[in-house]
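The following exercises concern a single protein chain. Each task is followed by a solution that proceeds step by step.

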Amino acid sequence: MKHDYKISGITCNNCISKIKSEFLKIGDIVEADIQQTAPQATLEMQKHIPLKKLQEALDRAGNYTISEFGAGMKDHESKSSATWFQTYKPVLLLFFFLLLISTILAFKETGFEWMLAMRIFMSGFFLIFSFFTMLDLKGFAEAYAGYDIIAQRFFNWGYIYATLELLLGIAFAVDFNPLITSLFTIILMATGLTGVLRSVFNNRKIQCACLGTVFNL
């Protein structure tokens with residue numbers, strides 16, 4: 001029988017090697033497939049092994065925690081569109097309010113200023129997103145390393161990315177060199193999008209880290 005698990009704390013190939021080694025020391029585990037992307041562990045076992053015993057093996061490997069992958073979401077495919085809305089409600093509301101305030105503030109006596117509206121929207125976008133990621137930087141970095149092409153190779157990129165979001169929010173707010181700010185934004189977001197698209201094309205479920213660990217997206 002095979003079971004999928006989520007393991008928090010995997011940052012490199014060395015982590016993978018240590019975890020796999022400890023799991024294989026458990027007699028009833030026949031094969032252990034460990035990776036940084038979700039599910040982080042697929043274990044083939046002769047009989048069911050309690051989660052507590054798996055955690056004990058992880059404790060010997062290092063500072064890792066294990067949980068059943070997809071726990072509480074086994075009926076995901078049968079969920080209705082209303083449930084989908086509830087899942088993504090925080091993101092939808094965030095974009096709605098950003099569009100609303102950007103539109104209101106961009107109306108001047110001379111008419112509607114599109115560039116001002118865009119700058120306000122982008123400033124709010126980065127400031128809000130950086131706020132949520134910084135509420136739990138370690139958790140964000142771990143989730144981001146699950147699919148981002150840079151964070152998978154350099155774990156601390158998650159911390160840097162959250163800081164860059166904050167700086168971009170400030171740059172848009174003060175209208176700092178629009179050309180440089182916009183080009184840097186395009187490069188940063190395109191890099192992040194690459195990892196997301198790769199996961200989508202591979203039909204892989206990931207925990208979206210855009211709003212940190214506050215919301216389960």
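## Exercise 1: Salt bridges

In this predicted model, the number of salt bridges comes to five.

Task: Determine which residues are linked with Glu22 in a network of salt bridges, and state whether each is buried or exposed.

Solution.

1. Apply the criterion: a side-chain nitrogen of Lys or Arg must lie within 4 Å of a carboxyl oxygen of Asp or Glu.
2. The pair Lys25 and Glu22 meets this criterion with an N to O distance of 3.2 Å.
3. Arg60 also pairs with Glu22, at 3.1 Å from N to O. Because Arg60 belongs to helix H2 (residues 51-61) and Glu22 to helix H1 (residues 13-24), this pair ties together parts that are 38 residues apart in sequence.
4. The network therefore consists of Glu22, Lys25 and Arg60.
5. For accessibility, buried means under 20% relative accessible area and exposed means over 50%. Glu22, at 11%, is therefore buried. Lys25 is exposed at 57%, and Arg60 is exposed at 53%.

## Exercise 2: The loop between H6 and H7

Task: Identify which side chain meets Asp175 in a salt bridge, and describe the backbone at Asp175 and Asn177.

Solution.

1. Locate the residues: Asp175 lies in the loop that runs between helix H6 (157-173) and helix H7 (178-201), and Asn177 is placed in the loop between H6 and H7 as well.
2. The partner of Asp175 is Arg119, with 3.8 Å from N to O. Arg119 lies in helix H4 (residues 114-135) and Asp175 in the loop, so the contact ties together parts 56 residues apart in sequence.
3. Arg119 is partly exposed at 23% relative accessibility, and Asp175 is partly exposed at 41%.
4. Inspect phi: the value is near 60 degrees for Asp175 and near 30 degrees for Asn177. Each is a positive value in a residue other than glycine.
5. Asn177 has a relative accessible area of 34% and so counts as partly exposed.

## Exercise 3: Surface and overall fold

Task: Find which residues form a nonpolar patch on the surface, and place Ile101 within the chain.

Solution.

1. The patch is formed by Leu93, Phe96, Phe97, Leu100, Ile101, Ile104 and Leu105, which together have about 650 Å² of accessible area.
2. Ile101 lies in helix H3 (residues 81-105). At 38% relative accessibility, Ile101 is partly exposed.
3. For the whole chain, about 12800 Å² is exposed, and carbon and sulfur atoms supply 63% of it. Of the 217 residues, 36% are buried.
4. The chain contains seven helices and six strands, in the order β-α-β-β-α-β-α-β-β-α-α-α-α along the sequence.

Terms used: Residues numbered from 1 in each chain as written. Predicted model: local features only at pLDDT ≥ 70, side-chain atom pairs only at ≥ 80, totals over all residues. Heavy atoms only, no water. Patch = residues over 30% accessible without salt bridge, like charges linked within 9 Å, V, L, I, M, F, W, Y side chains within 5 Å. Areas by Shrake-Rupley, 256 points an atom, 1.4 Å probe, with all protein chains shown as cover. Helix = DSSP H or I, 4+ residues; strand = E, 2+ residues; numbered from the N terminus. Buried < 20%, exposed > 50% of the residue type's maximum accessible area, 1.4 Å probe, protein only.
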